[in-house]
Amino acid sequence: MWKRDELLNPGLLRTSNAYEKRPLEIYSFVDPLCPECWALEPIMKKLQIEYGKYFSLRHVLSGRLATLNLGKKKRYETMAELWEKTASRTGMSCDGSLWLENPVSSPHLVSIAVKSAELQGKKKGIQFLRKLQEVLFLEKQNISNFDVLKACARNVGLDIEEFVTDIHSDSASKAFQCDLKITAEMDVQEIPALVFFNENVEEEGIKVTGFYPYEVYVQILEEMLPRKPEPSPPPPLEDFLRIYKTVATKEVAVVYDMTQNQAEKELKKLLLKQKVEQLPAKHGMFWRYTGI
């Protein structure tokens with residue numbers, strides 16, 4: 001059976017503060033092309049805002065979609081259908097027509113790019129992954145196109161020269177291979193998946209695969225902590241937008257315990273103040289912070 005201390009390889013990171021010491025650690029297994037991972041974003045934001053002081057979060061690229069049998073029309077049609085169903089069910093827009101019009105040609109390169117971004121810091125890696133998802137699911141761009149990757153890197157403030165060098169380096173490739181090893185050792189067969197660990201590295205983690213109501217994840221935190229955790233209140237809505245830059249109406253609704261209509265009304269107040277701009281999507285609405 002796997003143990004957490006055998007799987008970590010912090011040497012692949014250049015930053016020494018990548019893992020903050022908190023009571024729990026959550027491994028989040030994701031793939032940049034996975035619509036279910038995208039759909040989990042509202043819940044993950046809420047979990048981090050309310051209970052982030054109790055856990056550190058590590059993203060692990062599963063590589064599940066890096067092995068797409070590209071070139072087969074049927075596979076593209078299947079992906080397009082999956083995206084549309086996920087968007088309709090979850091409220092997080094993703095336009096499946098990308099797979100019929102401008103399909104991602106090299107999922108493997110996308111994963112390597114994410115690991116390259118992480119080499120400039122954990123926070124930058126997370127920002128880059130989110131930007132890739134926005135460009136992919138909302139703008140229908142082929143995120144394995146090198147110019148698109150560089151534009152995303154530039155948008156989140158990465159050192160572009162370093163980023164490009166790292167994509168072709170052994171460091172990014174080894175980091176991705178480390179993620180694939182963790183995925184295999186933890187027997188993660190589906191994504192998204194979260195694995196919760198406590199401070200005792202000898203104990204097995206609790207693995208949750210798929211998409212569940214927010215309360216399920218909170219219950220796991222409560223069961224793993226010695227005392228019932230106290231949730232932190234969310235920040236003012238404008239601060240939330242300032243932090244995350246681009247968010248869906250769905251994300252605001254989940255984080256602030258609102259209905260979709262209530263969230264939209266609050267966001268439209270910021271629109272009138274010219275603090276945000278609307279980004280219409282195929283399923284629902286996104287909002288980009290424009291205020292100072």
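Let's start with the cysteines of this predicted model. How far is the sulfur of C34 from the closest cysteine sulfur? The partner to look at is C37, and the gap between the two sulfurs is 3.2 Å. A disulfide needs its two sulfurs within 2.5 Å, so C34 and C37 are too far apart for a bond. C34 itself is tucked away: with a relative accessible area of 4%, it counts as buried. C94 is in no disulfide either, and its nearest cysteine sulfur, which belongs to C34, is 9.4 Å away. C94 is buried too, at a relative accessible area of 0%. Search the whole structure and you find zero disulfides.

Now for the strands. Find β2, which covers residues 55-61. Is it buried or exposed? Seven of its seven residues are buried, so the rest of the structure largely encloses this strand. In a regular strand, side chains alternate between the two faces of the sheet. Here, F55, L57, H59 and L61 point one way from β2, while S56, R58 and V60 point the other way. Whichever way they point, all of these residues are buried.

Which strand does β2 pair with over seven bridges? That would be β1, residues 24-30, and the two pair in the parallel sense. To see one of the matches, pick out I26, whose bridge partner in β2 is L57. L57 is also one of the buried residues we just met.

Strands can pair through backbone hydrogen bonds in either a parallel or an antiparallel way. For the antiparallel kind, look at the open sheet made of three strands in the order β5-β7-β6. Its edge strands are β5 (246-248) and β6, each of which pairs on one side only. From one strand to the next, the twist averages 30 degrees. Three bridges join β5 to β7, residues 285-289, and in this pair T246 stands opposite R288.

Next, a pair of helices. The axes of α3 (residues 41-51) and α11 (residues 214-224) come within 10 Å and cross at roughly 40 degrees. The crossing is right-handed. Who meets whom here? From α3 come I43, K46, L47, E50 and Y51, and they meet Y214, Y217, V218 and L221 in α11. Sorted by character, the residues of this contact are seven nonpolar, no polar and two charged.

Finally, a few backbone details in the loops. Where does P192 sit? You'll find P192 in the loop between α10 (170-185) and β3 (193-197). The peptide bond that joins I191 and P192 is cis, with omega at about 0 degrees.

Two other loop residues have a positive phi without being glycine: K140, near 55 degrees, and Q274, near 60 degrees. K140 is in the loop between α7 (122-137) and α8 (146-155), and its 24% relative accessibility makes it partly exposed. Q274 belongs to the loop between α14 (260-272) and β6 (276-280). With 64% relative accessibility, Q274 counts as exposed, because the cut-off for that label is over 50%. The strand after that loop, β6, brings us back to the open sheet, where β6 is one of the edge strands.

Key: Residues are numbered from 1 along each chain as its sequence is written. This is a predicted model: local features need pLDDT of at least 70, side-chain atom pairs count only at pLDDT 80 or more; totals for chains, interfaces and linings use all residues. Side-chain values use heavy atoms; hydrogens and water are left out. Buried means under 20% relative accessible area, exposed over 50%, partly exposed in between (1.4 Å probe, protein chains only). Helices (H or I, at least four residues) and strands (E, at least two) are DSSP runs, numbered from the N terminus. Two strands pair if DSSP finds at least two bridges between them. Axes are lines fitted to C-alpha atoms, for helices over the stretch in contact, and angles run from 0 to 180 degrees between N-to-C directions. A crossing is left-handed if the near helix is turned anticlockwise from the far one by less than a right angle, and right-handed if clockwise. Contact means heavy atoms within 4.5 Å. Ala, Val, Leu, Ile, Met, Phe, Trp, Tyr, Cys and Pro count as nonpolar, Asp, Glu, Lys and Arg as charged, and the others, Gly among them, as polar.
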